[in-house]
Amino acid sequence: MNIVIIEDEKPAARLLMRELEKLGFTVQQMLYSVGEAIPWFLQNEEPDLIFADIQLTDGLSLEIFEQVVLKHSAIIFVTSFDHYAVKAFKLNSIDYLLKPIDPTALVAAINKYRTQQNRIGQKVQILKTAHDAPAYAKRLMTKVGMHIKMVLLEEVVCFYREDRGVYMATREGKNQLLEESSIEAVLKMVDPTKFFRVNRYQVVAIDHIVQIVQLSTSRLKLVLLNYSDEVIVSRERVSDFKLWLGAN
């Protein structure tokens with residue numbers, strides 16, 4: 001973690017640096033005035049954490065953050081004047097320490113920073129996961145004569161191959177020819193948590209399985225909503241099918 005201290009009292013700056021070093025941190029830079037800090041922040045990469053005394057010899061450190069836009073750095077203000085607290089928090093500081101700094105309060109402030117960073121990290125991970133997640137189709141197209149019809153996937157009971165075509169059966173009991181010519185092409189489009197290939201010819205939707213029957217041959221027979229054709233989970237697929245059911 002890169003840490004910068006802004007403090008015009010050098011003994012106080014060194015004391016804070018030592019306290020931070022006791023906690024295992026290394027201070028990247030110490031700055032002693034507004035006039036020194038502004039160009040430094042403009043010319044250097046943002047630190048992770050800044051400890052800033054508010055009252056400096058040439059002005060308020062708040063002026064630094066009003067002139068320099070920091071997108072990622074967190075700020076912990078340090079001061080003897082608690083009447084600056086409200087303005088400090090408006091500048092997105094994460095904590096506010098009064099001098100002389102209590103080591104316990106310092107640890108608490110750093111823990112608060114870490115907690116905040118963990119939450120940000122979790123949000124970033126959630127967004128990244130959502131961004132990286134495969135985009136599955138929500139509807140498929142079927143062709144009926146000269147007309148193309150859109151069917152929501154939640155309506156689909158199963159996909160099946162027959163002759164040279166791939167069809168889908170809907171919960172209304174209708175069977176419609178898909179534009180896709182193979183079961184493999186269909187599987188690339190649908191959410192695998194919702195659809196499972198039970199044999200070479202059929203893919204079933206978990207939401208429309210009405211009944212599961214154990215056959216003596218170790219295979220499973222499925223009864224689907226408004227679908228009369230026989231659906232058998234092949235012996236080779238039974239274990240994976242049970243895992244799929246359990247995961248959903």
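**Exercise 1. Describe the nonpolar surface patch that contains M141.**

Solution. Step 1: the members are M141, I148 and M150, which together expose about 280 Å² of accessible area. This area comes from the Shrake-Rupley method with a 1.4 Å probe, and for residues only the protein chains shown count as cover. Step 2: a patch is made of residues with over 30% relative accessible area and no salt bridge, with like charges joined within 9 Å and nonpolar side chains (Val, Leu, Ile, Met, Phe, Trp, Tyr) within 5 Å. A salt bridge is a side-chain nitrogen of Lys or Arg within 4 Å of a carboxyl oxygen of Asp or Glu. Step 3: M141 belongs to strand β8 (residues 139-144). Helices (H or I, at least four residues) and strands (E, at least two) are DSSP runs, numbered from the N terminus. Step 4: M141 has a relative accessible area of 35% and is therefore partly exposed. Buried means under 20% relative accessible area, exposed over 50%, and partly exposed in between (1.4 Å probe, protein chains only).

The model is predicted: local features need pLDDT of at least 70, side-chain atom pairs count only at pLDDT 80 or more, and totals for chains, interfaces and linings use all residues. Residues are numbered from 1 along each chain as its sequence is written, and side-chain values use heavy atoms, with hydrogens and water left out.

**Exercise 2. Identify the largest nonpolar core and the elements that supply it.**

Solution. Step 1: a nonpolar core is a set of buried Ala, Val, Leu, Ile, Met, Phe, Trp, Tyr and Cys residues joined through side-chain atoms within 4.5 Å. Step 2: the largest such core has 21 residues, and those with the most contacts inside it are I6, F41, I50, I64, F65 and F77. Step 3: at least two residues of this core come from each of β1 (3-6), α2 (34-43), β3 (49-53), α3 (62-67) and β6 (74-79). Step 4: α2 gives the largest share, five residues. Step 5: a second, separate core holds 19 residues, including F25, V27, L49 and I110.

**Exercise 3. Place strand β10 among its partners and locate D163.**

Solution. Step 1: five of the seven residues of β10 are buried, so the strand is mostly covered. Step 2: two strands pair if DSSP finds at least two bridges between them. Six bridges join β10 to β11 in an antiparallel manner, with E162 opposite G165 in β11. Step 3: three bridges join β10 to strand β14 (residues 202-205), again antiparallel, and F159 faces V203 there. Step 4: D163 lies in the loop between β10 (156-162) and β11 (165-170). The hairpin of these strands has two residues between them, and D163 takes a positive phi near 55 degrees. Step 5: D163 counts as exposed, because its relative accessibility is 74%.

**Exercise 4. Work out the order of the sheet containing β16, and describe N226.**

Solution. Step 1: three strands form an open sheet in the order β15-β16-β17, with antiparallel pairing. Step 2: β15 (209-214) and β17 (227-233) each have a single partner strand, so one side of each is left without a neighbour in the sheet. Step 3: four bridges join β16 (residues 220-224) to β17, and L222 stands opposite V231. Step 4: N226 is in the loop between β16 and β17. Its phi is positive, about 55 degrees, although N226 is not a glycine. Step 5: N226 is partly exposed, because its relative accessibility is 48%.
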